[in-house]
Amino acid sequence: MESEWDALRVLGAVTALFLLLWATWVVGSTVYVYLLPQVRRSNYWLRAHGAWAVVTGATSGIGKAYAHELARRGLNVVLISRDLSKLKHEAKEIERLYGKSTRVIQVDFTGGLEIYETIEAGLKDLEIGVLVNNVGQKYAPHLCKLLDCEDIAKKLQDIINCNMMSVAQMTRILLPRMVSRGKGIIINISSLADRKPYPYLAVYAATKAFVRSFSVAVDTEYRSKGVIVQTVSPSLVETNMTYPLKKGLLMVSAEDFARQALDTLGLTSETPGCLRHAVQDFLLTMLLPSWFFFSTWGYPLLERCNVVGFFSERT
Ligand SMILES: NC(=O)c1ccc[n+]([C@@H]2O[C@H](COP(=O)([O-])OP(=O)(O)OC[C@H]3O[C@@H](n4cnc5c(N)ncnc54)[C@H](OP(=O)(O)O)[C@@H]3O)[C@@H](O)[C@H]2O)c1
């Protein structure tokens, strides 16, 4: 009996030590990645990778915020999107506000290989230090089951080209130039939905799982060549994509998000982007573990509690 109690005591002590070490690591890495950069922010390191940044989907939301923040930190910016008048407007704003040079490339990322010839030609003579693969779409304005989406055949092709093909092709175009210069940064905007399948967002979440998997693998392949590939997996950011959700505890503005996410560059290769999203990510993983989410009763229970309905009305 005595020896059984001793064994239990040892087990308890080991568990407590493990939890203490884990909590210290979580708090320490959170402070290091999200709080320290606020006091020791330096833009020299970012500019040293090259004079130009390229941002896809740069005319609104997170992409526009990244384009502005990169210019504010001293880089010239190439803006790529599908609407020429919005592109010219943003380019002018960046030149006016930060005195940096800009270039615009008009393409629709739902297109095929031909659009990448236009992009390659537009980027040919520039020293590009930073690529932000941001462009992305949902395939329905609300959460919905796969077969409930309108014009699903076309939407599937569009979302796969826009969310996945764009990331792989833009990387294919710019990575060789970064490798030959021995420096470069690629930022891939994924989503909190990249970690596990999301019913009612099936295709969108699957495209983001691709982005994350591709991004982490390419980072591992080319880190030793001086190229950093960062995966940014945000929760809710206040943009057209999340309209009409309002800024609240869960939501951050695109400007705050881009500023905080850029501060994490060089400190972590995978991040939710900002402290508030890191906390949400942590809580979601704890409160909605995969075994519950995908059990035969887990998701139906969430539906019955109208959790899905609550979010469908708001996304
Ligand atoms: N907002 C969030 O809460 C959230 C959360 C997780 C991940 N994300 C990801 O963050 C990225 C940006 O999202 P966002 O919320 O900033 O979206 P957004 O406000 O809708 O902005 C999307 C940008 O991409 C451009 N764009 C869209 N489709 C395009 C196409 N086919 N070809 C060329 N440009 C196109 C848009 O240009 P137009 O002006 O022409 O439409 C706009 O500049 C996406 O990859 C998204 O999946 C967002």
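Student: Buried or exposed: which is Ala278?

Tutor: Buried means under 20% relative accessible area, exposed over 50%, and partly exposed in between, with a 1.4 Å probe and protein chains only. Ala278 has a relative accessible area of 18%. So Ala278 is buried.

Student: What kind of model is this?

Tutor: Residues are numbered from 1 along each chain as its sequence is written, and side-chain values use heavy atoms, with hydrogens and water left out. Local features need pLDDT of at least 70, side-chain atom pairs count only at pLDDT 80 or more, and totals for chains, interfaces and linings use all residues, for the model is predicted.

Student: In which helix is Ala278?

Tutor: Helices (H or I, at least four residues) and strands (E, at least two) are DSSP runs, numbered from the N terminus. The run that holds Ala278 is helix H9.

Student: What distance separates the C-alpha atoms of Ala278 and Thr30?

Tutor: Ala278 and Thr30 are 248 residues apart along the chain. In space, their C-alpha atoms are separated by 8.2 Å.

Student: Which residues does Ala278 touch, not counting residues up to four places away in sequence?

Tutor: Contact means heavy atoms within 4.5 Å. With residues up to four places away left out, Ala278 touches Tyr34 and Pro272.

Student: Which helix gives the most to the nonpolar patch on the surface?

Tutor: Patch residues have over 30% relative accessible area and no salt bridge; like charges are joined within 9 Å, and nonpolar side chains (Val, Leu, Ile, Met, Phe, Trp, Tyr) within 5 Å. Phe18, Leu19, Trp22, Trp25, Val279, Phe282, Leu283, Met286 and Leu287 form this one, with about 970 Å² of accessible area together (Shrake-Rupley method, 1.4 Å probe, only the protein chains shown as cover for residues). Helix H1 (2–39) and helix H9 (275–287) each give two or more residues. The most, five residues, come from H9.

Student: How does Phe282 count by its relative accessibility?

Tutor: Phe282 sits in helix H9. At 34% relative accessibility, Phe282 counts as partly exposed.

Student: Which element gives the most to the largest nonpolar core?

Tutor: A nonpolar core is a set of buried Ala, Val, Leu, Ile, Met, Phe, Trp, Tyr and Cys residues joined through side-chain atoms within 4.5 Å. The largest has 31 residues, and Tyr66, Leu70, Leu79, Val130, Val132, Ile187 and Phe257 touch the most other members. Elements that each supply at least two residues include strand S1 (52–56), helix H3 (61–72) and helix H8 (254–263). The most, six residues, come from H3.

Student: How many residues are in the second, separate core?

Tutor: Start with Phe257, which touches Ile62, Tyr66 and Val232, among others more than four places away in sequence. The second core is separate and includes Val107, Met170, Ile186 and Val227. Its size is 25 residues.

Student: How many disulfides does a search of the whole structure find?

Tutor: A disulfide is a pair of cysteine sulfur atoms within 2.5 Å. Cys144 is buried at 12% relative accessibility, and Cys149 is buried at 7%. The number of disulfides found in the whole structure is zero.

Student: What is the N to O distance in the salt bridge of Glu69 and Arg73?

Tutor: Side chains of opposite charge can pair when their charged atoms come close. A salt bridge is a side-chain nitrogen of Lys or Arg within 4 Å of a carboxyl oxygen of Asp or Glu. Glu69 is buried at 8% relative accessibility, and Arg73 is buried at 4%. Their N to O distance is 2.9 Å.

Student: How far apart are the closest N and O atoms of Arg96 and Glu93?

Tutor: Arg96 and Glu93 are three residues apart in helix H4, so about one helical turn separates them. Arg96 is exposed at 58%, whereas Glu93 is partly exposed at 22%. The closest N and O atoms of this salt bridge are 3.1 Å apart.

Student: How many residues apart in sequence are the parts that Glu120 and Arg172 tie together?

Tutor: The side chains of Glu120 and Arg172 meet in a salt bridge, 3.5 Å from N to O. Glu120 lies in helix H5 (residues 114–123) and Arg172 in helix H6 (residues 152–181), so the pair ties together parts whose separation in sequence is 52 residues.
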